[in-house]
Amino acid sequence: MLPASLKSDFPILGKSVNDRPLVYLDNAATSQKPRAVLDASRHYYEAVNSNIHRGTHFLARAATAAHEAARETIATHIHAASSDEVIFTSGATEGVNLVSDILSLSAGDEILISTLEHHANIVPWQMLAQRSGAKLVVIPCDENGVLDQNAFTNLLSEKTKIFALTWISNAFGTVNPVREMTAAAKKYGAIVLIDAAQAIPHLNIDVRDLGADFLVFSGHKVYAPTGIGVLWGKLDLLKSLPPWKGGGEMIKQVTFEGTTYNDPPFKYEAGTPNIEGAIALAAALEYVKSIGIDAIHDHEQKLIAAAAEALSEIPGIRLYGPSDRIGALSFAIEGVHHYDLGTLIDQMGVAVRTGHHCCQPLMSRFGITGTTRASFALYNTMEDIESLATAVKKAAAMLR
Ligand code: PMP
């Protein structure tokens with residue numbers, strides 16, 4: 001287990017809620033920020049702030065250097081072949097929208113996604129399908145929230161032009177065999193996008209090993225601020241695909257007659273970016289590295305297993321997702337509404353998420369409107385799990 005003292009790296013975790021020490025178990029929605037990240041943001045504005053890329057003065061050069069060093073750190077963290085493959089976005093949602101906007105399809109083409117997807121990896125593809133006449137095809141899942149691999153194999157065909165898949169389900173914690181599924185889709189020549197929004201805080205990500213064309217994630221799920229994220233893409237694709245938003249920075253030459261576009265990554269970064277966010281994201285990934293992603297993963301797996309075991313004792317409880325879930329533990333208690341449960345345990349100082357988790361089609365598949373979800377981070381402790389279990393038991397008894 002990681003030392004409980006790590007909690008003190010995160011100032012907000014010292015807070016009391018309803019006169020109880022805060023137990024923060026809503027990490028799949030967003031993570032808390034360590035002092036190293038807060039300091040990086042503050043230092044940027046106190047000592048470096050300037051617009052980047054076109055300035056000749058001292059601060060412009062310092063800000064540009066810090067921004068591009070952040071890109072290098074991120075490229076190294078995800079094992080990208082080049083930092084030119086790392087495009088800064090506002091988050092995973094923007095990354096998927098960027099890709100779905102620059103790809104063009106024809107009537108009869110298919111976009112393959114899965115039942116486990118977050119709305120961010122459904123709606124942009126639906127919009128692309130609507131404007132192109134392509135068809136959205138969905139891989140079903142079983143009662144454990146695990147994708148049906150036979151169905152997946154059968155759904156793949158020459159018509160599959162895009163395959164977009166979440167690595168880890170934010171709702172159920174299901175881990176998809178992304179490498180194998182990517183390889184299968186690649187046999188049909190599909191463009192593959194992996195949604196790593198929930199994978200980035202828990203797993204080592206090696207984009208070269210993965211074999212996909214695109215991968216997206218948000219900084220705020222991995223201890224960085226909101227409003228910054230990454231789209232990683234294979235360089236040859238980024239070079240050959242059309243630009244997205246037009247504006248400053250994404251150009252080489254502009255005349256009123258026409259424009260030539262910049263090379264990736266700048267081709268996809270029109271306008272002044274979130275400079276401080278990029279720097280803070282690099283600081284967050286350095287923080288993760290200093291602890292070690294494998295140590296974080298081991299720690300969190302012990303927590304989630306302990307939580308599953310403790311909650312299983314509650315009469316009428318159903319845990320969703322497979323037992324080898326990562327990051328998130330979703331559950332429902334017979335006769336208890338998830339919203340009431342979440343509200344009551346909040347009064348006991350325990351923060352969890354309730355509802356559909358932006359996965360309404362997945363909830364429909366299970367005939368439910370939502371679940372209660374506890375989700376875990378490196379700073380959570382066995383004490384947090386005990387608090388969760390005690391609070392849920394107490395609340396369930398009161399609400400039934
Ligand atoms: N995909 C998954 C699996 C997610 O969990 C989330 C955030 N809940 C997103 C995409 C969207 O991330 P963001 O809202 O940061 O763009």
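Let me open with one pair: Glu143 and Arg365 form a salt bridge, their closest N and O atoms being 3.0 Å apart, where a salt bridge is a side-chain nitrogen of Lys or Arg within 4 Å of a carboxyl oxygen of Asp or Glu. The two residues sit in distant parts of the chain, 222 residues apart, with Glu143 in the loop between strand 6 (135-139) and helix 5 (149-155) and Arg365 in helix 12 (residues 360-365); helices (H or I, at least four residues) and strands (E, at least two) are DSSP runs, numbered from the N terminus.

Before going on, I should say that this is a predicted model, in which local features need pLDDT of at least 70 and side-chain atom pairs count only at pLDDT 80 or more, while totals for chains, interfaces and linings use all residues. Residues are numbered from 1 along each chain as its sequence is written, and side-chain values use heavy atoms, with hydrogens and water left out.

Returning to the pair, Glu143 is partly exposed at 46% relative accessibility, and Arg365 is partly exposed at 31%; here buried means under 20% relative accessible area, exposed over 50%, and partly exposed in between, using a 1.4 Å probe and protein chains only.

How many salt bridges does the rule give? The count comes to 16. One of them joins Lys7 to Asp384, with the closest N and O atoms 2.8 Å apart. Because Lys7 lies in the segment before strand 1 (16-17) and Asp384 in helix 13 (residues 382-399), this pair ties together parts that are 377 residues apart in sequence. Lys7 is partly exposed, at 22% relative accessibility, whereas Asp384, at 3%, is buried.

Another salt bridge brings together the side chains of Asp101 and Arg131, at 3.3 Å from N to O. That pair links helix 3 (residues 92-102), which holds Asp101, with helix 4 (residues 123-132), which holds Arg131, across 30 residues. Asp101 has a relative accessible area of 40% and is partly exposed, and Arg131 is partly exposed as well, at 48%. There is also a network of salt bridges, which links Asp26, Arg353 and Arg373.

Finally, the cysteines: the disulfide count is zero, the criterion being a pair of cysteine sulfur atoms within 2.5 Å. Why does Cys141 form no bond? The closest cysteine sulfur, in Cys359, is 11 Å from the sulfur of Cys141, which is too far. For Cys359, the closest cysteine sulfur is in Cys358, at 6.9 Å, again too far for a bond. Cys141 is buried at 7% relative accessible area, and Cys359 is buried at 0%.
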